[in-house]
Amino acid sequence: MPTSGRVPAFPEGTRVRRMEDSDVEKVGAIESASFTTPWQPATFRALLGRPGAHLRVLEVPPLTVAGYAVLWCIQGQAELANIAVARQLRDCCFGGYLLDRVTEEARTLGVQSLYLEVRVSNARARAMYQSRGFREIGVLRDYYEKPREDARLLMKELLP
């Protein structure tokens with residue numbers, strides 16, 4: 001993440017769009033490279049079109065799937081269930097780009113509070129979330145496996 005405060009220039013055509021069935025295998029590959037207990041492609045497929053589930057894909061030309069996010073929305077609250085960016089694009093601000101777009105989508109859907117969990121050891125993600133106004137509201141003991149680790153529960157208010 002840049003510390004200069006400058007907004008990075010993203011390649012022309014960079015965008016966030018709905019995940020499609022044809023994206024799932026590439027999403028699964030990013031998922032497997034990002035997490036020690038990854039979701040299976042069948043999980044993503046089962047969520048496509050499900051009410052309250054908003055699955056999004058980050059496109060960064062020439063990559064049609066450079067990252068993804070899964071957002072659950074219900075009655076004014078949402079959980080960012082999953083977010084990841086392809087390894088070669090990490091530290092290039094694309095995670096923040098994707099997070100900002102998903103957060104704005106949640107806001108337009110009337111979400112008032114957005115929640116997420118993050119590994120205690122994931123300093124990079126925790127810094128990104130903090131830079132975007134998420135605050136810690138709790139600790140979930142032994143939440144993660146492989147390795148067993150606590151999670152920080154974060155929240156961001158989206159509407160007054």
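**Reading burial, salt bridges, cysteines and cores**

Q: Is Glu25 to be read as buried or exposed, and what is its relative accessible area?

A: Glu25 is partly exposed, with a relative accessible area of 48%. The general idea is a scale with two cut-offs: buried means under 20% relative accessible area, exposed means over 50%, and partly exposed lies in between (1.4 Å probe, protein chains only). The model is a predicted one, in which local features need pLDDT of at least 70 and side-chain atom pairs count only at pLDDT 80 or more, while totals for chains, interfaces and linings use all residues. Residues are numbered from 1 along each chain as its sequence is written, and side-chain values use heavy atoms, with hydrogens and water left out.

Q: Which residue meets Glu25 in a salt bridge?

A: A salt bridge is a side-chain nitrogen of Lys or Arg within 4 Å of a carboxyl oxygen of Asp or Glu. Here the side chain of Glu25 meets that of Arg45, at 3.2 Å from N to O. This pair links distant parts of the chain, since Glu25 is in helix 1 and Arg45 in helix 2, 20 residues apart. Helices (H or I, at least four residues) and strands (E, at least two) are DSSP runs, numbered from the N terminus.

Q: With which other residue does the side chain of Arg45 meet in a salt bridge?

A: The side chain of Asp21 meets that of Arg45 at 2.8 Å, N to O. Arg45 lies in helix 2 (residues 41-47) and Asp21 in the loop between strand 1 and helix 1 (24-34), so the bridge ties together parts that are 24 residues apart in sequence. Both partners are partly exposed: Arg45 has a relative accessible area of 32%, and Asp21 one of 45%.

Q: How many salt bridges does the structure hold, and which residues are linked in a network?

A: The structure holds 13 salt bridges. Arg15, Arg17, Asp23 and Glu59 are linked in a network of them. Within it, the side chains of Glu59 and Arg15 meet at 3.2 Å, N to O. Glu59 in strand 2 (residues 53-60) and Arg15 in strand 1 are 44 residues apart, and the pair links distant parts of the chain. Glu59 counts as buried at 14% relative accessibility, whereas Arg15 counts as partly exposed at 41%.

Q: Why do the sulfurs of Cys92 and Cys93 not form a bond?

A: A disulfide is a covalent bond between the sulfur atoms of two cysteines. The criterion is a pair of cysteine sulfur atoms within 2.5 Å. The structure holds zero disulfides. The sulfur of Cys93 is 7.4 Å from the closest cysteine sulfur, in Cys92, and this is too far for a bond. Cys92 is partly exposed at 35% relative accessibility, and Cys93 is buried at 17%.

Q: Which residues have the most contacts inside the largest nonpolar core?

A: A nonpolar core is a set of buried Ala, Val, Leu, Ile, Met, Phe, Trp, Tyr and Cys residues joined through side-chain atoms within 4.5 Å. The largest one has 27 residues, and Leu58, Leu71, Leu80 and Tyr129 have the most contacts inside it. Helix 3 gives the most to this core, with six residues.

Q: What does Leu80 touch?

A: Contact means heavy atoms within 4.5 Å. Leaving aside residues up to four places away in sequence, Leu80 touches residues including Ala69, Leu99, Leu114 and Tyr129. Apart from the largest core lies another, of 14 residues, among them Ile30, Ala53, Leu55 and Ala86.
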